[in-house]
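Me: Please take a close look at one glycine in this model and at the part of the chain around it. Then follow the packing outward from there, as one connected account.

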Amino acid sequence: ILAAGTPQVLLPYDHANRFIHELPLVRGPLASWTAWVAPRTLKPQEAAQLTGMNEAQLRAVNDIPPRMLVKSGSTLLVPRAAHTTADVTGHIADHALLSLSPETRPPRTLSFKAGRQGDSVAAVARRYRLHAAQVAQWNGVGAQARFKAGQTIVVKLPAAAAPASPSVRLASKNARPAAHKVATRASPVRKRAATGAVPKIKVALR
């Protein structure tokens, strides 16, 4: 709903007029959710703590996969605090994005003993799909060297990274709680008598 693509809500025709007439009578905020902009790149757990949410709920509401970071400037849907009175700004409502990046992990260090016949630096590099220069540097030997039988060999393997996720609009095919007010004007009724469907009326959001 925050994205600018479809700023409308569909209501059954026989309830639309009641909705329009009773909306101005509501006292207090019209939304129980609002938009929150990440001040820096955060883990979902950190974002949940800053917004007073449960991490599992934050992930579910904002569709955040495991092992992903919330990039700085991303907009998340969070519960509206009781003291929050300001509406979501028009700029955020029209341009809000949720950007994610894979969570980086330190390389995994692996040590093992060279075989009875010894192992060359090149052979170890091929076995673990590494560069010979790296293996040589980690073990303090030359790139053409050969390890003696029983000698400890150290290699550093990269941690498996989560697939990169593109930036996505907050609006999706699944309904989200409205984070801004609903206008009280209705667009023309579109009847679909030919298909037998229940007529609906469109109400603009802002």
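Reply: Leaving out residues up to four places away in sequence, Gly-150 touches Lys-113, Ala-114 and Gly-115. The model is a predicted one, and what follows describes its computed geometry. Gly-150 itself sits in the loop that joins β9 (146–147) to β10 (152–157). With a relative accessible area of 38%, Gly-150 is partly exposed, because it falls between the limits of 20% for buried and 50% for exposed. Gln-117 is a further point of reference: the C-alpha atoms of Gly-150 and Gln-117 are 9.0 Å apart, although 33 residues separate the two in sequence.

The same region of the chain leads to an aromatic pair, of which the structure holds one. The ring centres of Phe-112 and Tyr-128 are 5.7 Å apart and the planes meet at 35°, so the pair is tilted. Phe-112 belongs to strand β7 (residues 108–113), while Tyr-128 lies in the loop between α5 (121–127) and α6 (132–139); the pair thus links distant parts of the chain, 16 residues apart. The two partners differ in their cover. Phe-112 counts as buried at 17% relative accessibility, because that value is under 20%. Tyr-128, at 25%, counts as partly exposed.

The loop of Tyr-128 leads into α6. In this helix Val-135, Ala-136 and Asn-139 are buried. Viewed along the axis of α6, the buried residues occupy an arc of 100°, so they line one face of the helix. Ala-133 and Gln-137 are exposed on the other side of α6. The buried residues of α6 pack against α5, β9 and β10; the last two are the strands on either side of the loop that holds Gly-150. Gly-140 follows α6 and has a positive phi, near 65°.

Two nonpolar cores can now be set side by side. The largest nonpolar core has 17 residues, and those that touch the most other members are Trp-36, Leu-58, Ile-64, Val-70 and Leu-76. Two or more residues of this core come from each of β2 (33–37), α2 (44–51), α3, β3 (68–70) and β4 (75–79). The greatest share is that of β4, which gives three residues. A second core, separate from this one, has twelve residues; Phe-112, Val-135, Phe-147 and Val-155 are among them. Phe-112 therefore appears twice in this account, as a buried partner in the tilted pair and as a member of the second core. In soluble globular proteins, nonpolar side chains tend to be buried together.

Helix α3, one of the contributors to the largest core, shows the packing in detail. Leu-58, Val-61 and Asn-62 are its buried residues named here. These residues cover an arc of only 80° around the axis, which puts them on the same side of α3. The cover over the buried residues of α3 includes β2, α2, β4 and β5 (97–98). Apart from neighbours within four places in sequence, Leu-58 is in contact with Pro-44, Ala-47, Ala-48, Met-53, Ile-64, Leu-76 and Val-78. Ile-64 and Leu-76 are also listed with Leu-58 among the core residues that touch the most other members.

Asn-62 is a polar residue on this buried side, and it lies in α3 (residues 55–62). Its relative accessible area is 6%, so Asn-62 is buried. A polar atom of its side chain lies 3.1 Å from the backbone oxygen of Leu-58. Beyond four places in sequence, Asn-62 touches Leu-76, Leu-77 and Leu-98. Both ends of α3 have local features as well. At the start of the helix, a side-chain oxygen of Asn-54 comes to within 2.8 Å of the backbone nitrogen of Ala-56. Just after the helix, Asp-63 adopts a positive phi of about 55°.

These details belong to a protein with six helices and 13 strands. Of its 206 residues, 31% count as buried. Among contacts between residues at least 6 apart in sequence, 72% join residues at least 24 apart. The accessible surface is about 13,300 Å², and carbon and sulfur atoms account for 54% of it.

Conventions:
Residues numbered from 1 in each chain as written. Predicted model: local features only at pLDDT ≥ 70, side-chain atom pairs only at ≥ 80, totals over all residues. Heavy atoms only, no water. Helix = DSSP H or I, 4+ residues; strand = E, 2+ residues; numbered from the N terminus. Buried < 20%, exposed > 50% of the residue type's maximum accessible area, 1.4 Å probe, protein only. Polar contact = N/O pair within 3.5 Å; in protein donor to acceptor, adjacent residues only side chain to side chain. Contact = heavy atoms within 4.5 Å. Phe/Tyr/Trp six-rings, centres within 6.5 Å; stacked < 30°, edge-to-face > 60°. Arc of directions from axis to C-beta. Core = buried A, V, L, I, M, F, W, Y, C linked by side-chain atoms within 4.5 Å. Areas by Shrake-Rupley, 256 points an atom, 1.4 Å probe, with all protein chains shown as cover.
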